[in-house]
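Me: I'm new to this one and I'd like to know the reasons behind the labels. Can you show it to me and then take my questions?

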Amino acid sequence: FELGTSEARSYASSNRYIFGTMIQSFLKNYVNRRDQDKQKVLEEGGIVSGYPGVSFEIRTTNKTIQQAGTDGEKICIVLGAGNQNFLTAIDVLNRVFLHKECVLIKHHPLRPWLSEPFEQIFDPLIQLHVVDQVLDDGVEFTQALIKSPQVGHVHLTGAEATYRAIQSTVASDVSISAELGCVTPWLIVPNL
């Protein structure tokens, strides 16, 4: 496709729709099967149905976002990416399924309109109170959010300056992971 043509835009839009639908289908499948199998092994259906021979295993916590913080467990704040729509979704799935965390999404100020599709895509996890979301309300709002004693981890996609500002704001026991953008991105993983 030639960049900028209606054919290229249509193709990109179709891929975004398929990606969102796959995530939603996977999450519904996961929620429907989570109580049937304590190991939460998914080998068929959902997101892998179109990929023969592919299987994977998911292990996650049974905590909800309301329970996290009240019994000593912390939540993760995902500060939404401003450069790509799908990055925030990937970050949320990563923190929920790989790190077993309840996640609060704080949308990027350039992408508040993502809250509506994310509400639909993440509906199974929102209904379980594992994921929730808020819109950006400025720097002071974000600082108060990440300073909350219920926060145990902050993940962001952004610039080094943003990372440094968050690093100087959060409590010393709060871990931070980040994908710092530019032509040569760095991944910062705590304790490595």
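Reply: Sure. Keep in mind that this is a predicted model. One thing to start with: the structure holds 0 disulfides.

Me: How do you know that Cys-76 is not bonded to Cys-102?

Reply: Go by the gap between the sulfurs. A disulfide is a covalent bond between the sulfur atoms of two cysteines. To be called one here, the two sulfurs have to be within 2.5 Å. The closest cysteine sulfur to that of Cys-76 is in Cys-102, and it's 10.0 Å away, so that's too far for a bond. Looking from Cys-102, the closest cysteine sulfur is the one in Cys-76, again at 10.0 Å and too far.

Me: What makes Cys-76 and Cys-102 count as buried?

Reply: Buried means under 20% relative accessible area. Cys-76 comes in at 0%, so it's buried. Cys-102 has 2%, so it also counts as buried.

Me: How much of the chain is buried?

Reply: Buried residues make up 37% of its 192 residues. As for the layout, the chain has 6 helices and 8 strands. Starting from the N terminus, they're arranged α-β-β-β-α-β-α-α-β-α-β-α-β-β.

Me: Why are Phe-118 and Phe-122 called an aromatic pair, and which kind is it?

Reply: Two checks settle that. Ring centres have to lie within 6.5 Å to pair, and planes over 60 degrees apart count as edge-to-face. For Phe-118 and Phe-122 the centres are 5.4 Å apart and the angle between the planes is 90°, so this is an edge-to-face pair. The count for the structure is 1 aromatic pair. Both Phe-118 and Phe-122 are buried.

Me: What lines the second largest pocket?

Reply: This pocket has a volume of about 400 Å³. It's lined by 22 residues, and the closest to its centre are Leu-79, Lys-106, His-108, Thr-162 and Ile-166. Helix H5 (139-147), strand S6 (151-158) and helix H6 (160-169) are the elements that give two or more residues to the lining. By type, the lining divides into 8 nonpolar, 12 polar and 2 charged residues.

Me: How do you know that the buried residues of H6 line one face of the helix?

Reply: The buried residues of H6 are Tyr-163, Ile-166 and Thr-169. Looking down the axis of H6, they fall within an arc of 130°, so they line one face. The general rule fits in here: an α-helix has 3.6 residues a turn, so residues three or four places apart point the same way. Over on the other side of H6, Ala-161 and Ser-168 are exposed.

Me: And what puts the buried residues of H5 on the same side?

Reply: In H5 the buried residues are Thr-142, Leu-145 and Ile-146. They cover an arc of only 90° around the axis, and that puts them on the same side of H5. On the other side of H5 you'll find Glu-140 and Lys-147, which are exposed.

Me: What makes the phi of Lys-100 worth pointing out?

Reply: Its phi is near 60°, a positive value in a residue other than glycine. You'll find Lys-100 in the loop between helix H2 (85-98) and strand S4 (103-106). Partly exposed means between the 20% and 50% cut-offs. Lys-100 has 43%, so it's partly exposed. His-129 also has a positive phi, near 60°. It sits in the loop between helix H4 (123-127) and strand S5 (131-134). With 35% relative accessible area, His-129 is partly exposed too.

Me: Why is Ser-172 called exposed?

Reply: Exposed means over 50%. Ser-172 has 80% relative accessibility, so it counts as exposed. Ser-172 lies in the loop between H6 and strand S7 (175-180). Ser-172 and Gly-152 are 20 residues apart in sequence, with 9.9 Å between their C-alpha atoms.

Me: Last one: why does Val-189 count as partly exposed?

Reply: Val-189 has 47% relative accessibility, and since exposed starts over 50%, it counts as partly exposed. Its place is in the segment after strand S8 (186-188). Val-189 is 34 residues from His-155 in sequence, while their C-alpha atoms are 9.9 Å apart in space.

Conventions. Residues are numbered from 1 along each chain as its sequence is written. This is a predicted model: local features need pLDDT of at least 70, side-chain atom pairs count only at pLDDT 80 or more; totals for chains, interfaces and linings use all residues. Side-chain values use heavy atoms; hydrogens and water are left out. Buried means under 20% relative accessible area, exposed over 50%, partly exposed in between (1.4 Å probe, protein chains only). Rings of Phe, Tyr and Trp (its six-membered ring) pair if their centres lie within 6.5 Å; planes under 30 degrees apart count as stacked, over 60 as edge-to-face and the rest as tilted. On a 1 Å grid over the protein atoms alone, a cavity is a set of points where a 1.4 Å probe fits but cannot get out, and a pocket is an open set with protein on both sides within 12 Å along at least five of seven lines; lining residues have an atom within 4 Å of a point. Grid points are joined across faces, edges and corners, and a volume is the space filled by probe spheres set on the points. Helices (H or I, at least four residues) and strands (E, at least two) are DSSP runs, numbered from the N terminus. Ala, Val, Leu, Ile, Met, Phe, Trp, Tyr, Cys and Pro count as nonpolar, Asp, Glu, Lys and Arg as charged, and the others, Gly among them, as polar. The arc is that of the directions from the helix axis to the C-beta atoms.
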